[in-house]
Amino acid sequence: MRFLLRRLGFYAIALWGAVTLNFLLPRLAPGSPLDGLMSRLPPSQLASNPNMVENLRAYLDVQQQPLWKAYPGYLKQIFTGDFGISTSNFPAPVSDVVAKSLPYSIFLVGTAFILAFCLGTVIGMIAAWRRGGVVDNVLTPTFVSLGAFPAFFTSLVVVYFLGLKLGWFPIQHAYDLDTEPGLNSAFLTSAFRHSQLPILVIIFVYAGAWLLNMRNVMINTIEEDYVSMAHAKGLRDRRVMTRYAGRNAVLPPLTGFAALFGSAVGGLIFIEYVFSYPGAGLTLQQAALGSDYPLTQALLLFFSVCVLVANFVMDVLYVILDPRVRSA
C-alpha cells in the first residue's frame, strides 16, 4: 500500500504537469480558436455583420487575459467538464464531440493492445521454452520484422492488400453508412467488422516488441534454480513454464506496457487517418489543423490521463505479481 500511495502521489504531480502544459501550449502558439472559425466564414457574411467578431469572441469566451488570470478558469473547466465550444464543429460543445469519438478509440486501442500484449507474451514464452523450434524460427522473426515498420506504413500496406486487392475487410469508417448507430446487432456487427483491420495493424506493430522482450527475459529465467527445482519435483513442463518461469519473466515486459501504450495512443492518429476511422485520433488531427484549441486541449488531456492510468494499473499488477514489492 505504501508503494502504491507513493506512485499515486507521483502520478498526481504528473497529471498536474500535463494539465499545465496542456494549458500553456495553445495559448503560446500563434492564432486563436476565433481565427480558425473566422477563416471558414465567407467574407460576405463578415461584411454584412460588423459585430460578428465581437459576438463570436464573447460566445466562445476568447478573452485576452494574462495567463495567471486564465489558469484558474481553465482548472474550473476541467473539473466541471466544460471545455467550451468546438470551432471546427461549431456550434457543438467540445464535450459532445469528444463523447462521440472516444468510444471508437477506446474499443480500438483497448482491444488491440490487450491482444497484442497477450499474443506477444505467449509466443515469446513458447519461443524461449522451445528455442530453435518452429515458433522461435518462424513467428519470432515475423512479428519482429512487422514491428520494425511505423504504424502509418503498415496501415497503408494492409489497406492495399487485405482491403483493396483481396477485399477481406472494409477499409473506411467505423460502420456501414446505411446502419443506424445504437445498441443493436446490426450496428455492433458492422462496427466490429470495420474495426478488424485497424486492430490487426496495432497487433502487427506492437506484438513484436513484447514477443522479443518476453523471449529474452524468459531465456534467463529458465536458468534459475527454482525452475530447476520445479523440474526435479516432476512437475509438468506446461506448469513449470507458466507458473514458475513465465510468471516471473512477465514482470519486465509488464513494466513496458504503459510506455508502449503511450506510443500506441500517438500512433492512433495515423491509423485512424488512414482508415478514416472517426475516433479520437482522427478528431484530434482535424482539430489541430483547424486551430480548434478547445477540442485539441480536451483530447490531449484525455490521452494524458489514459497513459497515466495505464501506468498506475501496471504498478498495481506489478505489486500483485511480485511479492518483493509488497514487502518493500
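Here are two short exercises on how side chains pack in this structure.

This is a predicted model, in which local features need pLDDT of at least 70 and side-chain atom pairs count only at pLDDT 80 or more, while totals for chains, interfaces and linings use all residues. Residues are numbered from 1 along each chain as its sequence is written, and side-chain values use heavy atoms, with hydrogens and water left out.

**Exercise 1.** Find which helix gives the most residues to the largest nonpolar core.

Step 1. A nonpolar core is a set of buried Ala, Val, Leu, Ile, Met, Phe, Trp, Tyr and Cys residues joined through side-chain atoms within 4.5 Å. Buried means under 20% relative accessible area, exposed over 50%, partly exposed in between (1.4 Å probe, protein chains only).

Step 2. The largest such core holds 50 residues, and Trp129, Ile202, Met218 and Phe275 have the most contacts inside it.

Step 3. Helices are DSSP runs (H or I, at least four residues), numbered from the N terminus. Among those that each supply at least two core residues are α6 (94-129) and α9 (185-222). The answer is α9, with 17 residues.

**Exercise 2.** Classify the aromatic pair of phenylalanine 113 and tryptophan 210.

Step 1. Rings of Phe, Tyr and Trp (its six-membered ring) pair if their centres lie within 6.5 Å; planes under 30 degrees apart count as stacked, over 60 as edge-to-face and the rest as tilted.

Step 2. Here the centres are 5.0 Å apart with 75° between the planes, so the pair is edge-to-face.

Step 3. Phenylalanine 113 is in helix α6 and tryptophan 210 in helix α9, so the pair ties together parts 97 residues apart in sequence.
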